[in-house]
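Colleague: Got a minute to walk me through this one? Pull it up and I'll ask as we go.

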Amino acid sequence: MDQDVAAKEQPRYIKLNERDNVAIVVNDFGLPAGSRFASGLTLRAFVPQGHKTALVDIALDQPIVRYGEVIGYALSPILAGEWVDEARIRMPDAPDLDKLEISTAVPAPLPPLEGFTFEGYRNPDGSVGTKNILGISSSVQCVKGTMEYAVKRIRAELLPKYPNVDDVVPLTHAYGCGVAITAPDAVVPIRTLQNIALNPNFGGEILVVGLGCEKLAPERLVPEGVSDAIVRMQDEAFDGFGAIVDAIMTQAEARLKILNKRTRETCPASDLVIGLQCGGSDAFSGVTANPAVGFAADLLVRAGATVMFSEVTEVRDAIQLLTRRAINEDVGRALVREMAWYDSYLARGGADRSANTTPGNKKGGLANIVEKSLGSIVKSGSSAITDVLSPGEKATQKGMLFAATPASDFICGTLQLASGMTLQVFTTGRGTPYGLAAAPVIKVATRTELARRWKDLIDFDAGSIATGEKTIEEAGWDLFRLILDVASGRTKPWSDRWGIHNDLTLFNPAPVT
Ligand code: CA
């Protein structure tokens, strides 16, 4: 065994803040009772990788501190070296939305970062895509099978003639009929569909397939000034299914001809719109992957890009740290407004934010949503928060935005696409094959063990931060460069190489009928 390997097998833990009274075990597969750390602490029980051990004795009802913040209270006395698992922690209440500090610690603007570019597809409206895709919208689920049939033929018969076009993507969904279309919250799915069609990766070419009797009239998905963009299946001019498919293919080919003229050109990094998300988090998310993403996010913000982070239930318990960073009072109030809206949305369904954590999160060492949130918001970096988007709204500002979405991977991905996201960075601890057809997804592993095992699914290993092989800064720069490469089409993420993509999944908080 060489010295390097021996050094890696020394019992190691990570303590993040000097106030912390717990630390997480780094070693793959955990450590047995009796393991002695360099600090002198000896484990009294087996502690799995990523799980917490107490650094000092913690008395009944005393705070358990990680990230320098209280993640809960001891349900029974805990001895130094014991495993602090979720059953020993009482979760604190969520921060009171009426007592938050707004804009009290606005970070100074970060120094500008000049000279970084990527090869993108510039659109007539000034936006820049990272892919060249024909996206075909739909106004109702009824047409899904027809669209998939037509898209299969378009891919086989038409796409080879237009080599500059990457793909044809049917934007199908479960909405459109059987829904309370005039309910106030129906604005969310409707604007999501309207804005997704305008995603920069689709080059401004709009085509909608509709049925004809649905509640969501296809016209609502066509921006003003665009004509001849709808194929309506019930149109009496169509004599049979074959004629309908022919019409979709004719309309598609007209757009493929235009999209085929798009070529990549050198664009400043400020034209990027990057979405951040996590899924299948573990206790390393807040130690390795999310800090690396946070550092890369700061670099993107410094380069003038738009970056958005999301997932309301994963920031709710750390919202007091975010409202202070709001660039002004309005942005701070908007953060509070989105939290309050989500609190009431969950309450209507008889749930609260504790419904967020999954069995996998807990297996990965995350005791509760408070601990998960503190690790999650690290990916927003250290800049001021410049804007807040309600679900499905289009981004118009540069800098770090909060785009309010559920934490569900597919719904968050869909809403960020509607907000104009052209590349997503996705951190995962437990592992997920997640991908999006409309925009490349860079998957970042929190642990080297996962990155090795899933060598053909994970694009970036942030586990090297835990083992000490890379600093957060080094990993952040590497990730930033990978983002520019993927945005330029030079590097394909694994989900695109395999062609494995999740469904568009609309967020519909309104009733169905
Ligand atoms: Ca998620």
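Modeller: Sure: it's a predicted model, so local features need pLDDT of at least 70 and side-chain atom pairs 80 or more, while totals for chains, interfaces and linings use all residues. Residues count from 1 along each chain as its sequence is written, and side-chain values use heavy atoms, without hydrogens or water.

Colleague: How are the donors of the calcium ion spaced along the chain?

Modeller: Donors here are N, O and S atoms within 2.8 Å of the metal, or 3.2 Å for Na, K and Ca; water is not among the atoms, so sites may look incomplete. The calcium ion gets Q277 (OE1), C278 (O), E311 (OE), A407 (O) and D409 (OD), at 2.3 to 2.5 Å. Along the chain that reads Q-C-x32-E-x95-A-x1-D.

Colleague: Are Q277 and C278 buried or exposed?

Modeller: The cut-offs are under 20% relative accessible area for buried and over 50% for exposed, with partly exposed in between (1.4 Å probe, protein chains only). By that count, Q277 and C278 are both buried.

Colleague: Which helix gives the most to the lining of the largest cavity?

Modeller: A cavity is a set of points on a 1 Å grid over the protein atoms alone where a 1.4 Å probe fits but cannot get out, and lining residues have an atom within 4 Å of a point. C278 is one of the lining residues. Helices (DSSP runs of H or I, at least four residues, numbered from the N terminus) 5 (285-302) and 9 (369-376) each supply at least two. The top contributor, with 4 residues, is helix 9.

Methods
1 Å grid on protein atoms, 1.4 Å probe; cavity = no way out; pocket = protein on both sides within 12 Å on 5 of 7 lines; lining within 4 Å.
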